[in-house]
Amino acid sequence: MKIIVCVKQTLDTNASIEIKDGAIHAPGSARIMNPYDEFAVEEAVRIKENQPDTDITLITLGGENSRDILKTGLAMGADRAVHIIDSDLDDFDGLAIARKLYEVIKDREFDLVLCGRQAVDQDRAQVGPALSVLLDIPAITVVTKIDFSEDYSRVVATRQIEGGAERIESPLPLLATCQKGLNTPRLPSLKGIMAARKKEVVEITDLPNTAGSVENDAKLRILELSLPPQRKSAIMLEGQPLDMAKELAQALREKEKVL
Amino acid sequence: MTDKSSIFVWIECQGEQIKPVSLEALHCGLQLSESSGQKVCAVLFCGSKVPDLSPLSDFAPHSLKVFSHGRWQDHNSQAVSSTFFKMIQEQSPRLILLPASNHGKELGALLSGLAQAPLASDCIEVECLGENDFKVKRPIYSGKAYASLALEGAGLHIITLRPNVFRGESGSATVLPEADINTTEPESLSLIVREVIKEAGKIDVTEARVVVSGGLGMQGPENFGLLEDLASVLGGTVGASRPVVDNGWRDYSNQVGQTGRSVSPDLYIACGISGAVQHIAGMSGSKCIVAINKDPNAAIFSVAQYGIVGDALEIVPLLTAEFKKILNG
Ligand SMILES: Cc1cc2nc3c(=O)[nH]c(=O)nc-3n(C[C@H](O)[C@H](O)[C@H](O)COP(=O)(O)OP(=O)(O)OC[C@H]3O[C@@H](n4cnc5c(N)ncnc54)[C@H](O)[C@@H]3O)c2cc1C
């Protein structure tokens with residue numbers, strides 16, 4: 001089976017964020033593989049463990065420094081990687097990102113495309129499904145379990161919905177976006193890290209900018225970034241537990257009117 | 001008939017009921033319509049039995065399109081997106097509004113690919129910008145920052161809306177337009193919904209008005225019953241921090257935070273949660289935050305309106321009893 005895993009580099013979730021010169025600024029914070037993409041890489045590697053003739057290609061779109069996450073994914077067990085280097089990428093335009101990934105994927109063979117449920121920076125959950133449309137394959141999002149038919153031609157995936165789950169069947173090829181619960185991503189082993197050094201990373205620097213087949217005169221433009229409003233400092237209740245409980249109940253009802 | 005400048009609102013159903021988040025999307029659509037003059041068309045897919053449409057009359061759209069067939073009963077993203085896209089091609093709406101639920105986000109993203117339309121997801125503010133364009137605000141880095149975006153140009157735009165943010169007072173009872181019901185069988189596609197598993201009576205954390213969340217300070221899974229009791233008195237639901245989920249005390253669907261769910265309830269009560277950045281990111285959009293923690297220096301107090309320093313296991317049952325008293329009396 002041929003699997004393509006789309007991965008993105010994001011800011012460490014531990015980072016506190018500032019805004020400087022109209023851009024996100026997080027001095028000293030590490031950059032990591034988007035945590036949801038780790039589930040996607042892990043799932044691909046597990047499939048390969050069951051189906052040894054599986055081939056896993058990682059694809060990322062981003063600046064030079066995104067290479068680190070490809071190394072991580074290769075050390076986890078992916079076979080090869082493609083790095084689309086695009087330093088003036090507009091990260092706010094999810095559709096443009098999906099199109100660029102499509103340009104690189106369309107001429108490859110694949111049975112399964114795995115993405116994270118969303119990237120924890122833009123939180124848009126758009127690129128995966130939009131990419132599936134461009135590739136003309138079905139998509140199942142927010143997936144917590146993937147079961148294959150015996151001949152590996154079909155999939156039944158469990159996906160999360162509000163207050164429950166659904167089981168959805170699809171033929172391959174399929175695009176799935178991965179959610180926590182699917183697996184527990186491994187830490188790369190020393191052996192994996194050594195092996196990753198020899199694995200191929202293809203760099204693409206001159207991707208043509210192509211529009212989709214449908215014309216739509218509409219665009220999205222970033223106006224500004226802002227930080228959440230500062231909250232007033234908390235009213236700390238005092239006294240015996242019972243008195244605090246009474247005071248809180250009353251304040252929520254009468255002052256905050258949230259009950 | 002819809003004219004060329006309409007706003008389509010996707011009405012999400014759950015079984016045979018209209019989901020309340022759909023009414024929020026309708027409310028937002030009507031507000032935009034007031035300033036832009038664009039007409040609002042509600043679009044609903046349902047099984048062969050059309051659900052009770054009367055909840056829609058609180059925010060009555062200008063027109064109502066219903067696709068009703070046994071095969072629409074379970075939401076099939078592929079079938080809904082392709083039929084929706086055909087309708088878009090025929091009627092060229094300016095804007096599609098959807099609730100940012102799991103299905104809504106997926107449908108919005110599929111439609112953005114099909115129509116090559118820009119998508120702004122999980123928005124917390126939407127307004128008209130000039131005559132034709134829209135301006136939105138959406139959390140990024142799960143609420144550590146916000147991005148304001150302009151959606152410009154005469155083509156189609158797609159916006160999904162964060163649940164709980166666009167609730168409105170139900171207006172003066174307006175008359176619901178007669179539904180245009182289409183009963184043709186949807187075309188067969190490759191995705192098949194095999195099973196829908198619902199946890200009976202559970203409110204999802206993203207949709208609840210009150211979330212009572214527990215962290216490691218709750219000591220063990222056996223104490224989450226205390227939080228269930230408090231949540232049920234308040235008509236809310238229980239959330240959790242990540243280690244609680246990782247320990248298997250609660251299901252992942254309960255996890256609040258940057259790698260869990262982002263929530264914006266009216267009231268968020270954090271019990272035994274330290275207030276790590278990843279947790280705060282997912283809940284700082286709540287209207288009122290209460291923190292109960294035995295450590296007076298816990299970071300969670302920095303985002304709370306009300307703080308109680310104490311043992312959550314002792315305080316929570318007292319709160320449950322107090323709320324019960326004032327809500328019943
Ligand atoms: C990549 C990544 C992603 C993450 N994503 C998330 C996420 O989405 N959501 C999330 O929540 N976390 C997330 N985390 C974890 C986060 O960093 C914290 O570790 C976590 O939020 C801490 O959970 P906690 O507050 O329950 O536990 P702790 O930090 O251990 O805090 C327990 C608190 O309980 C208090 N306490 C103890 N006993 C009592 C008592 N009897 N009564 C009252 N208070 C008591 C203590 O004073 C303490 O403040 C993520 C971490 C990483 C690395």
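The following exchange goes through a predicted model of chains A and B with a ligand.

Colleague: Where does the ligand lie, and which residues come nearest?

Modeller: The ligand sits between chains A and B. There are 26 residues around the ligand, and the nearest are Ser241(B), Thr259(B), Ser274(B), Gln278(B) and Asn293(B).

Colleague: What makes the approach of Ser241(B) to the ligand a polar contact?

Modeller: A polar side-chain atom of Ser241(B) is 2.5 Å from an oxygen atom of the ligand. The cut-off for a pair of N or O atoms is 3.5 Å, so the pair counts as a polar contact.

Colleague: Why are Gln219(B) and Ala312(B) also said to make polar contacts with the ligand?

Modeller: An N or O atom in the side chain of Gln219(B) is 3.2 Å from a nitrogen atom of the ligand. For Ala312(B), a polar backbone atom lies 2.8 Å from a nitrogen atom of the ligand. Both distances are within 3.5 Å, and therefore both pairs count.

Colleague: How much of the ligand does the protein cover?

Modeller: On its own the ligand has 980 Å² of accessible area, and the protein covers 78% of that. Two elements of chain B, α5 (242-246) and α6 (277-283), are those that give two or more residues to the shell around the ligand. By class, that shell has 16 polar, six nonpolar and four charged residues.

Colleague: How many residues make up the contact between the chains, and what area is buried?

Modeller: Chain A gives 85 residues to the contact and chain B gives 94. About 7,700 Å² is buried between the two chains, with 56% of it from carbon and sulfur atoms. Gln116(B), Tyr141(B) and Tyr306(B) supply 11% of the area that chain B buries against chain A, more than any other three residues.

Colleague: What is unusual about the phi of Tyr141(B)?

Modeller: Most residues other than glycine have a negative phi. Tyr141(B) has a positive value, near 50 degrees. This residue is in the loop between β9 (133-140) and β10 (145-152) of chain B.

Colleague: Why is the peptide bond between Leu172(A) and Pro173(A) called cis?

Modeller: Omega of that bond is about 0 degrees, and the bond is cis. Most peptide bonds are trans. Pro173(A) lies in the loop between β11 (164-171) and β12 (174-178) of chain A.

Colleague: Which domains does chain A have, and what separates their centres?

Modeller: Chain A is divided into domain 1 (2-217) and domain 2 (230-259). Taken over C-alpha atoms, the centres of these two domains are 45 Å apart.

Technical notes:
Residues numbered from 1 in each chain as written. Chains lettered and ligands numbered in written order. Predicted model: local features only at pLDDT ≥ 70, side-chain atom pairs only at ≥ 80, totals over all residues. Heavy atoms only, no water. Near = heavy atom within 4 Å. Polar contact = N/O pair within 3.5 Å; in protein donor to acceptor, adjacent residues only side chain to side chain. Areas by Shrake-Rupley, 256 points an atom, 1.4 Å probe, with all protein chains shown as cover. Helix = DSSP H or I, 4+ residues; strand = E, 2+ residues; numbered from the N terminus. Nonpolar A, V, L, I, M, F, W, Y, C, P; charged D, E, K, R; others polar. Domains from an automatic or database assignment. Contact = heavy atoms within 4.5 Å. Buried area = accessible area lost by both parts, 1.4 Å probe.
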